[in-house]
Structures are given as C-alpha cells and as structure tokens.
Amino acid sequence: MLNRKNAPKVNPHRCLFTSEPIKIDGLLHEPVWQKAKPLNFIVPVTFEKTLSDTEARLLWDREYLYVGFKAYDRDIWSYYTQRDEPTCQEDVLEIFFKTDPTKEAYYNFEINALGTVYDAYNVRRQSAGGDHRWSKWNCEGLKVGVHIEGTLNNPEDEDEYWQLEVAIPFSELPSLKGKIPEPGDEWLFHLARYDYSVYLPEGVELSSCAPLSEVNFHRYEDWLTLRFEK
C-alpha cells in the first residue's frame, strides 16, 4: 500500500468564471467547457491509472457551480429512479465539496446514468447522524443532464461512454447563507465515480480526481482545493 508521500502533488484547481449560457443537457457542447482545465481520475490508495477513464471539468457563474463529466464505460447501467435512493450501488458519478474548509459540514451529490439524484448536506461526518439523516436535505433547483453513447441496461452489448452535466445553485447551499463565491475564494472538493461492469476484472472500480489515501470518498482530509477565478 502506498502512503501520502507517494501521492501526486496537486496545485489548487482553477474554476473559471463563464458569462456564456450553459444548457444542462449532458452534451457539453458549449465552447467554454473546452477552456476549463480537465481533471482525470485515479484509483484511491495506489494512485494508479483507471481501467475506465473519466474526465471532468468545472465552471461557475453568479448562480451556479457547473460540473461536466465524460465517463468511458463499456457496460452502462442504472435502475434507481427515486430521489435519494442509494445510487452509489449503480454506475454513478459523484461531487463532494466543502464551502468552508475550516468547518466540518460538506455536501455530496451522487447521480446515476438515469440522472437520479442522491444529495446530502452532511453537517457532521459519521457522528450525529448519517446518510438517512443528512439526505433529507434536497438541493432545490439542481439541474442535471445525461447523455449516453451506448445502450443503457444491456450487459450483452458494449457501450462507449456517458456524460453528466450538473448545475448546482449557490442560493440553495445552506452554508453559504445567501452569498455567492468571489474570485479568490477556495473550497475543498473532489469528484468520484463507481463503475460496475461485466468487463472489469473485479466487477467494480472506484476512482477520484483526488489522491485519496483511503478507499473513502468522504475523507475530506485528502480532497483538492478549488479556487474560483474570474
């Protein structure tokens, strides 16, 4: 097992401001997406290259934090359709962030290939509650778009990839108390993925854009810094 000394050194990730309208349809066609620096996923603990590649980008404007994913996947599947069902048990892409790195509260969004949302405002990690309690919070006004290149829920053919586009409204994040980020503000964050596939040797692969020292997506001690820039 590798330790943190082996972890890749990562500078704060620059989240660029956009004045260009973004349509949340999963297509990622707007040219501004190509201006955003890509994040590539690695395997927790070993920091090895993934078998299923994932690329993600982030942007922001005065209303939303935007996250776009492209997840290569030979076996795309999801069945959960109700909000806050355990989407991490299926093919899922995830967003975690802390708006204040000095405080314990953080958010996680876990969205499957059907666009079904699990969202939670975790006031405390592990203690004082858990998934059932913190997921009672819903991010009203959240926008989600999914695009699939392949056949959903058919393990007998080979798919290509799926894309997820998410717009998270700043106004609905309790920790911001009605404020929006300013250039130079820094959050903690990471983006993650569960890929369950008949084509993977172990049947599942977990990955993240952060060098996680444990197989634990909630380990914010290992998350990256997100810097808002104009």
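This report looks at two pockets and one buried strand in a predicted model.

## The largest pocket

Let's start with the largest pocket, which has a volume of about 340 Å³. Its lining is made up of 16 residues, and T99, D100, K103, S175 and L176 are the closest to the centre. Two elements, β6 (106-112) and β10 (186-196), each give two or more residues to this lining.

If you are curious about chemistry, the lining residues of the largest pocket divide into eight nonpolar, two polar and six charged.

## The second largest pocket

Next comes the second largest pocket, with a volume of about 250 Å³. It is lined by 16 residues, and those nearest its centre are C88, E110, D131, Y194 and H218. Here the elements giving two or more residues to the lining are β5 (92-98) and β6.

By residue class, the lining of the second largest pocket holds eight nonpolar, three polar and five charged residues.

## Strand β7 and its partner

β6 also has a pairing partner: β6 and β7 run antiparallel to each other, paired over six bridges. One residue to look for is E110, whose bridge partner in β7 is Y118; E110 is also among the residues nearest the centre of the second largest pocket. The hairpin of these two strands has four residues between them, and G115 in this hairpin takes a positive phi near 85 degrees.

Strand β7 covers residues 117-122, and six of its six residues are buried, so the strand is largely enclosed by the rest of the structure. V117, D119 and Y121 point one way from β7, while Y118, A120 and N122 point the other way, and all are buried.

Key: Residues numbered from 1 in each chain as written. Predicted model: local features only at pLDDT ≥ 70, side-chain atom pairs only at ≥ 80, totals over all residues. Heavy atoms only, no water. 1 Å grid on protein atoms, 1.4 Å probe; cavity = no way out; pocket = protein on both sides within 12 Å on 5 of 7 lines; lining within 4 Å. Points joined across faces, edges and corners; volume = space filled by probe spheres on them. Nonpolar A, V, L, I, M, F, W, Y, C, P; charged D, E, K, R; others polar. Buried < 20%, exposed > 50% of the residue type's maximum accessible area, 1.4 Å probe, protein only. Pairing = 2+ DSSP bridges.
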